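Please read the following walk through the structure alongside the sequence and the coordinates, taking one region at a time.

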Amino acid sequence: MAASTRIPPIAQPFVSDRAKKTLDLVEQFVENDCIPADAVFQAQLGEGEKRWTTTPAVLEDLKAKAKKLGLWNMFLPKNHFKQGAGYSNLEYGLMAELLGKSKIASEATNNAAPDTGNMEVFAKYGSEAQKQQWLAPLLDGQIRSAFLMTEPDIASSDATNIELDIRREGNEYVLNGSKWWSSGAGDPRCKIYLVMGKTDAKNPDPYKQQSVILVPAGTPGMKVHRMLTVYGYDDAPHGHGHITFKNVRVPVSNMVLGEGRGFEIIQGRLGPGRIHHAMRTIGAAEKAVEWMIVRINDERKKPFGQPLSSHGVILEWIAKSRIEIDAARLIVLNAAIKIDQGDAKSALKEIAQAKVLAPQSALTVIDRAVQSYGAAGVCQDTPLAYLWAGIRTLRIADGPDEVHLQQLGRRENRTRKDAVTKKLTWQRDEADRLLNASGFKPKSQL
Ligand SMILES: Cc1cc2nc3c(=O)[nH]c(=O)nc-3n(C[C@H](O)[C@H](O)[C@H](O)COP(=O)(O)OP(=O)(O)OC[C@H]3O[C@@H](n4cnc5c(N)ncnc54)[C@H](O)[C@@H]3O)c2cc1C
């Protein structure tokens with residue numbers, strides 16, 4: 001069954017024929033080209049010093065093929081940007097799910113984070129010169145980029161805490177401070193860093209203190225002094241850098257949008273990008289189920305005389321996984337539709353739901369798949385251990401679950417409390433009136 005025939009009925013009216021064709025092409029490209037090439041990518045990664053100075057050649061081959069097939073920059077939604085491939089968020093959501101089944105498919109089609117969010121920043125907020133210098137090569141897949149917000153010495157889930165100092169001196173800005181979890185900073189093709197810092201720490205409005213400024217790779221004073229691991233994986237060549245800035249000087253023209261506009265930029269950047277991860281996460285969960293189905297039907301492995309598929313509890317795992325993935329997919333696609341019908345700001349509730357539910361569901365599913373493989377599930381012989389580690393980080397990256405849940409809970413409470421209190425009070429009074437009229441005593445003690 002081709003991907004276009006598996007689109008959930010609720011989403012079908014929003015998917016064009018052109019997108020359906022592309023969706024099937026994406027599926028073929030991912031299943032036939034990218035997933036087999038994942039192993040080649042791994043084998044071509046450099047060792048030792050070369051780990052962070054080379055990139056696997058197989059990626060460039062895949063990029064060339066993807067471009068030829070027209071599978072390029074599908075993430076830029078058509079109603080917000082003219083530079084993309086002309087699909088809606090929903091249509092891209094269906095494609096991104098498939099991309100999520102391969103380690104390298106997103107990059108092979110130029111739909112990989114953090115470049116996607118950074119391209120959105122340039123397209124939305126960049127000056128013409130900034131667009132020409134950085135957006136054009138990013139859109140073409142010639143260079144990569146990083147977004148540097150998180151800092152080691154503060155709680156970065158609250159971005160008002162950001163401390164990196166950006167001070168104007170004549171025609172330059174001078175940066176001092178440190179950043180970590182700078183994803184992509186290990187890649188030799190990473191040529192531009194979008195750095196968030198404070199230009200006006202004394203501004204009484206805590207949301208006007210920050211700015212985002214461009215720092216080209218190799219600028220003196222900036223040093224990637226170590227790479228961080230994710231549950232032991234280094235994610236080379238992309239990687240996650242710990243970076244220090246010591247009197248780093250850039251021209252004033254490198255400021256994005258203007259001083260004090262940093263919050264506006266990160267809020268604009270993180271809307272659709274947040275659900276890109278959620279979309280790919282659904283694909284990762286589907287992949288885990290595929291691996292689980294193969295394992296439970298493996299004729300060589302029959303604990304207590306029967307294949308795992310004959311043990312009731314295992315079929316229950318498959319069934320529960322099906323339910324959880326399908327439910328999470330609907331939440332994610334619903335968020336995409338809501339963004340398409342307005343913008344990311346009008347879909348904050350739906351984005352938060354997708355951001356929280358998709359990784360949690362996928363982690364449960366992947367964990368079952370790991371369990372079905374026994375010890376093999378935690379080693380390098382299946383993609384499951386790496387998938388689990390990658391998806392686990394999504395409950396922290398782009399804002400921890402707790403922050404999204406707090407905002408979601410606050411919003412639900414604020415928008416509903418008056419109307420719900422009024423309705424329930426009326427219903428209680430009406431019940432009392434009806435009880436009285438029928439000769440009964442009112443029961444409610446509230
Ligand atoms: C793999 C990976 C890639 C990343 N890539 C990037 C990147 O490219 N660029 C970048 O700038 N950052 C990146 N990050 C960092 C990420 O954005 C931050 O880790 C995240 O915002 C949380 O900030 P923190 O680590 O400082 O945690 P803290 O802010 O210190 O929070 C710690 C914990 O406190 C709890 N908490 C926080 N707020 C609340 C609340 N309101 N209520 C209840 N509990 C709460 C949560 O459990 C949270 O996990 C990445 C992180 C990972 C793991």
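A convenient place to begin is Asn79, which sits in the loop that runs between helix 2 (57–69) and helix 3 (89–99). The model is a predicted one, and within it Asn79 has 12 C-beta neighbours inside 10 Å, so this residue counts as exposed. Once the neighbours within four places in sequence are set aside, the contacts of Asn79 are with Ser88 and Asp340. Lys68, by comparison, is separated from Asn79 by eleven residues in sequence and by 24 Å in space, taken from C-alpha to C-alpha.

To place this loop in the overall architecture, one can turn to the domain assignment of the protein, which gives domain 1 (3–112), domain 2 (144–256) and domain 3 (264–399). The contact between domain 1 and domain 2 draws on six residues from domain 1 and eight residues from domain 2, and the side of domain 1 that touches domain 2 is made up, by class, of two nonpolar, three polar and one charged residues. The C-alpha centres of these two domains, domain 1 and domain 2, are 28 Å apart.

Helix 5 (residues 115–125) presents a contrasting environment to that of the exposed Asn79: eight of its eleven residues are buried, so helix 5 is largely enclosed by the rest of the structure. The buried residues are Asp115, Thr116, Gly117, Asn118, Met119, Glu120, Val121 and Phe122.

The next region to follow is a set of paired strands. Strand 2 (residues 165–169) pairs with strand 3 in the antiparallel sense over five bridges, and the hairpin that these strands form has two residues between them, with Gly170 taking a positive phi near 60°. Along this pairing, Arg168 has Tyr173 of strand 3 as its bridge partner, while Arg167 stands opposite Val174, also in strand 3. Strand 3 is in addition joined by nine bridges to strand 7 (residues 240–251), the two running antiparallel, and here the bridge partner of Glu172 is Pro251 in strand 7.

Strand 3 also leads to the ligand. Which residues are closest to the ligand? Of the 22 residues that surround the ligand, the closest are Met149, Ser156, Ser157, Ser183 and Glu402. The elements that contribute two or more residues to this shell are strand 1 (144–148), strand 3 (172–183) and helix 11 (401–437). By class, the shell around the ligand holds eleven nonpolar, nine polar and two charged residues. Why can the ligand be said to lie between domain 2 and domain 3? Both domain 2 (144–256) and domain 3 (264–399) give residues to the shell, and the ligand therefore lies between them.

Finally, the nonpolar interior deserves attention. The largest nonpolar core has 105 residues, and those with the most contacts inside this core are Val195, Ile213, Ala288, Val332, Ile366 and Leu384. Taking Leu384 as an example, and leaving aside its neighbours within four places in sequence, one finds that Leu384 is in contact with Ala288, Trp291, Ile366, Ala369, Val370, Tyr373 and Gly377.

Definitions and conventions: Residues numbered from 1 in each chain as written. Predicted model: local features only at pLDDT ≥ 70, side-chain atom pairs only at ≥ 80, totals over all residues. Near = placed C-beta within 6 Å. Helix = DSSP H or I, 4+ residues; strand = E, 2+ residues; numbered from the N terminus. Nonpolar A, V, L, I, M, F, W, Y, C, P; charged D, E, K, R; others polar. Domains from an automatic or database assignment. Core = buried A, V, L, I, M, F, W, Y, C linked by C-beta atoms within 7 Å. Buried ≥ 20, exposed ≤ 12 C-beta atoms within 10 Å, placed from the backbone. Contact = placed C-beta atoms within 7 Å. Pairing = 2+ DSSP bridges.
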